[in-house]
Amino acid sequence: MNTTVGTLYIISAPSGGGKTSLVNALLAATPNLEVSVSHTTRPPRPGENNAVNYHFVDEATFVALIAQQAFLEHANVFGNYYGTSRQWVMDKLRAGIDIILEIDWQGAQQIRQLLPDSISIFLLPPSWQAIQTRLRERGQDNQAVIARRMAAARTELSHYHEYNYLVINDDFNTALSDLKAVIQTRRLRCQAQQQKYADLIAKLLA
């Protein structure tokens, strides 16, 4: 029977911070690690699929889920709701699977109150120009939306000090290596290793 409880990782960054690309690479390179698929009321962007990128629902459904306390956290961002499924996350953690939540600072504050053992990581861009360039290169938003996201990024950045780890996303490979290091360090804790290698330790001490 698996007695190891998974770790919940919170990863936050301002719009244009490169979070999604890094998380995708981290998932591909790290076993026993999954990302939570959030619910949202915003419409799908080109190339996005339901239950893969997000669970796309209407506002009435989302509000009903809030009333049912179905979310670990939820927030309204740019006029759309986003929320993390409580049941899905807790089931995965109890199964010993590490989970990543890609959420903003509002959601991160809610998660820390509910699950204080969670590990939070903030991705810091190398410059304001980098954020602006990434937002424009995505080709998903008009200039007014980009300006709004740039303004919101300042608020997001002001909460960096609330996180356990700070990773600078300047060079992609370096930032990815830093994220891997955080997870590997967590997995090498004595308590986690003791559970994972209980049989070996028992034989060595016999």
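A residue counts as exposed when its relative accessible area is over 50%, as buried when that value is under 20%, and as partly exposed in between. At 52% relative accessibility, Arg 94 therefore falls in the exposed class. Please keep in mind that this is a predicted model. Here is a friendly tour of its largest pocket, its salt bridges and a nonpolar surface patch.

**The largest pocket**

- The volume of the largest pocket comes to about 1,300 Å³.
- Its lining is made of 42 residues, and those nearest the centre are Lys 19, Thr 20, Arg 45, Tyr 54 and Glu 102.
- Two or more lining residues come from each of these elements: α1 (19-29), β5 (71-77), β6 (80-85), α4 (105-114), α5 (128-138) and α6 (143-157).
- Sorted by class, the lining of this pocket holds 16 nonpolar, 15 polar and 11 charged residues.

**Salt bridges**

- Side chains of opposite charge can pair when their charged atoms come close.
- The count of salt bridges here is 5, and three of them, with their surroundings, follow.
- Arg 42 and Glu 48 join their side chains in a salt bridge, with 2.9 Å from N to O. Both partners, Arg 42 and Glu 48, are buried.
- Arg 94 pairs with Asp 91 through a side-chain salt bridge, at 2.9 Å from N to O. Helix α3 (residues 86-94) carries both Arg 94 and Asp 91, which sit 3 residues apart, or about one turn of the helix.
- Within that pair, Arg 94 is exposed at 52% relative accessibility, while Asp 91 is partly exposed, its relative accessible area being 38%.
- The side chains of Arg 187 and Asp 98 also form a salt bridge, at 2.8 Å from N to O. Arg 187 belongs to helix α7 (residues 172-187) and Asp 98 to strand β7 (residues 98-102), so this pair ties together parts that lie 89 residues apart in sequence.
- Asp 98 counts as buried because its relative accessibility is 5%, and the cut-off for that class is under 20%.

**A nonpolar surface patch**

- Tyr 197, Leu 200, Ile 201, Leu 204 and Leu 205 together make a nonpolar patch of about 520 Å² on the surface.
- One of these residues, Tyr 197, is found in the loop between α8 (190-196) and α9 (198-205).
- With a relative accessible area of 36%, Tyr 197 is partly exposed. A patch residue needs over 30% relative accessible area, so Tyr 197 at 36% passes that cut-off.

Note on methods
Residues numbered from 1 in each chain as written. Predicted model: local features only at pLDDT ≥ 70, side-chain atom pairs only at ≥ 80, totals over all residues. Heavy atoms only, no water. Patch = residues over 30% accessible without salt bridge, like charges linked within 9 Å, V, L, I, M, F, W, Y side chains within 5 Å. Areas by Shrake-Rupley, 256 points an atom, 1.4 Å probe, with all protein chains shown as cover. Salt bridge = Lys/Arg side-chain N within 4 Å of Asp/Glu carboxyl O. Helix = DSSP H or I, 4+ residues; strand = E, 2+ residues; numbered from the N terminus. Buried < 20%, exposed > 50% of the residue type's maximum accessible area, 1.4 Å probe, protein only. 1 Å grid on protein atoms, 1.4 Å probe; cavity = no way out; pocket = protein on both sides within 12 Å on 5 of 7 lines; lining within 4 Å. Points joined across faces, edges and corners; volume = space filled by probe spheres on them. Nonpolar A, V, L, I, M, F, W, Y, C, P; charged D, E, K, R; others polar.
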